[in-house]
Structures are given as structure tokens and as C-alpha cells.
Amino acid sequence: MNLKQIAAEKAVEWIKDGMTIGLGTGSTAFFAIQKIGELVKAGLQVKAVPTSGSTEQLAREFGIPLTTFAEAGKLDITIDGADEVDSQFNLIKGGGGALLREKIVAAHSKTFIVVVDESKLVPTLGTFPLPVEVIPFAYEWTMEEINERLQADFKPRMKDGQKFVTDNGNYILDYSFGTIPSPTDVQEKLNCLTGVVEHGLFIDMADIVIVGRADGTVDVLERS
Ligand SMILES: O=C(CO)[C@H](O)[C@H](O)COP(=O)(O)O
């Protein structure tokens, strides 16, 4: 079986009747959404908040009832993928461009479960470029300020020859660090910059990391 699928389907075991859940974005989250759809068809009662337009569409296709934050309050569980996971459960996310809603949803969940195949486990974050979501208005100035602070190479994210635009109408800059020895340091530098909406560092947010291994087993790692 696909490693992403075994991790994602394991995570779905945490979902119980009556829960409100956050649905992540990406090819790993897809398998969780698909499985939840099957369980809903079989009678599971849940309501979900999607983290992107594409996930909302998938949830509708799979017949998963949707809700809003206003209605749901704090979510019971969110299941989402990640681009990198370090040994402290810190993450880089946003490869799919949904980092802002993903972070909001994860931050408002009692339990945040991250599902990955083992290739996403790293000793230190930073091989995967760090996505930074910026407001399009005067984004060149924001970019200059970020560059001054981060001193790392970056590329504006493109799609079909145009700047990639997020579900929130913003741009993404992908920063190549190679290695991020102190994710909190980078987070602090980015958090106070006007024009930066959000970044893909998810620090101290994941409660459980579920890993699909090449030998077909699945590891459930819980934050101590
Ligand atoms: O953060 C994300 C989307 O914004 C995804 O969770 C991340 O990119 C991992 O994607 P995949 O499961 O397809 O490898």
C-alpha cells in the first residue's frame, strides 16, 4: 500500500462520532479525506472544516458535511500532511500553498495529527524551501525586508507562468536555507514583518506524527 495512505488511514482511527475535524491539504491528506468519506457513508457523524478550496471540493465529493469556525468552535482533531518533520515535531508546511488556513485550523484544534511517509522525517528543517505568504500590495518592499532578515535565496512561487496566488489572494516566496538550525529564530524574524501574512514553520503545534514506513509498517509518534 502507498506509504502516505497507510499513515493517513491510521490517523483516521482517532476520529469518533460527533467530532468536528479539520481536513488538511495535499496528497497525504487526500487519503484521510477519502477514508473519512467512506466512514461517513457508513454512518459516521462528523463535521469538517477544510484548509483549502481544493480540500473543500474533495470533502463535498466524498460527502463529508462541512461546517465553519463560527459554528464549530474549537475542533477536536485535524489531520494534515507536512513537507518536513524534525525530531522535535517541528514542521515545514505549505508545499501545496495552503499554509495560512492550515496553520489557523491546526492552532484551533485540540489534537493536531501530522501524517507523512518516512521521506519527510529530517534531522534538521530547511532542505525543503520555506514558504512565506505575503500580501501582493507592495510585495517588492516586503521581499526586500525579508531578504535583509533571512539572508537566504528565494524564488517567487509560479504557476503556469504567473505568480502563484493562494486561496487568500496572496503570493508565496519560497526560501532555500539548506538547513534551519533555529526554527524559532527564523519564526521570530518573520512574525513581526509587515506584509508577511504567514510562513510555513509550524513550531510546537503537532501532537502526533504518524509515519508510513517503506516496510509497510506505520509508526505513531506522540509528543512526550
Ligand atoms: O502543507 C501542505 C499544503 O500546503 C501539505 O501538507 C504538504 O505540502 C505535504 O503535501 P503532500 O502530502 O502532498 O506531500
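Below are legends for a set of close-up views of one predicted model.

**Before you start.** Because this model is predicted, local features need pLDDT of at least 70 and side-chain atom pairs count only at pLDDT 80 or more, while totals for chains, interfaces and linings use all residues. Residues are numbered from 1 along each chain as its sequence is written, and side-chain values use heavy atoms, with hydrogens and water left out.

**View 1. Here's the largest nonpolar core, a set of 26 residues.** A nonpolar core means buried Ala, Val, Leu, Ile, Met, Phe, Trp, Tyr and Cys residues joined through side-chain atoms within 4.5 Å. "Buried" is under 20% relative accessible area, "exposed" is over 50%, and "partly exposed" is in between (1.4 Å probe, protein chains only). Look for I21, I36, I64 and I79, which touch the most other members. At least two residues each come from helix 1 (3-12), strand 1 (20-23), helix 2 (27-41), helix 3 (53-61), strand 3 (75-80), strand 6 (109-117) and strand 14 (208-212). Helix 2 chips in the most, with 5 residues. Those helix and strand labels come from DSSP runs, numbered from the N terminus: helices are H or I with at least four residues, and strands are E with at least two. As a bit of background, nonpolar side chains tend to be buried together in soluble globular proteins.

**View 2. E38 and K35 pair up in a salt bridge.** A salt bridge here is a side-chain nitrogen of Lys or Arg within 4 Å of a carboxyl oxygen of Asp or Glu, and the structure holds 13 of them. For this pair, the N to O distance is 3.5 Å. Both residues sit in helix 2, 3 residues apart, which is about one turn of the helix. E38 is partly exposed at 44% relative accessible area, and K35 is partly exposed too, at 24%.

**View 3. K110 reaches D76 in a salt bridge between two strands.** The closest N and O atoms are 3.1 Å apart. K110 belongs to strand 6 and D76 to strand 3, so this pair ties together parts that are 34 residues apart in sequence. What about cover: is each partner buried or exposed? K110 is exposed, with a relative accessible area of 51%, whereas D76 is buried at 18%.

**View 4. D204 and R223 make another salt bridge.** Their closest N and O atoms are 3.7 Å apart. D204 lies in the loop between strand 13 (201-202) and strand 14, and R223 in the segment after strand 15, so the pair ties together parts that are 19 residues apart in sequence. D204 counts as exposed at 56% relative accessibility, and R223 as partly exposed at 34%. Elsewhere, D80, K93 and E102 are joined into one network by salt bridges that share partners.

**View 5. E140, E144, E145 and E148 form a negative surface patch.** Patch residues have over 30% relative accessible area and no salt bridge; like charges are joined within 9 Å, and nonpolar side chains (Val, Leu, Ile, Met, Phe, Trp, Tyr) within 5 Å. Asp and Glu count as negative and Lys and Arg as positive, with His and the chain ends not counted. One of the patch members, E145, is in helix 6 (residues 139-150). E145 is partly exposed, with a relative accessible area of 40%.

**View 6. A138 and D160 both have a positive phi without being glycine.** Most residues other than glycine have a negative phi. Phi of A138 is near 50 degrees, and this residue lies in the loop between strand 7 (130-134) and helix 6. A138 counts as partly exposed at 25% relative accessibility. D160 has a phi of about 50 degrees and is found in the loop between strand 9 (158-159) and strand 10 (162-163). At 73% relative accessibility, D160 counts as exposed.

**View 7. Two glycines, G161 and G216, sit in loops.** G161 is in the loop between strand 9 and strand 10, and counts as exposed at 63% relative accessibility. From G161 to V115 it's 31 Å, C-alpha to C-alpha, with their positions 46 residues apart in sequence. G216 lies in the loop between strand 14 and strand 15 (218-222), and is partly exposed at 46% relative accessible area. G216 and P131 are 85 residues apart in sequence and 31 Å apart in space, C-alpha to C-alpha.

Note on methods: Areas by Shrake-Rupley, 256 points an atom, 1.4 Å probe, with all protein chains shown as cover. Charge placed at Lys NZ, Arg CZ, Asp CG, Glu CD.
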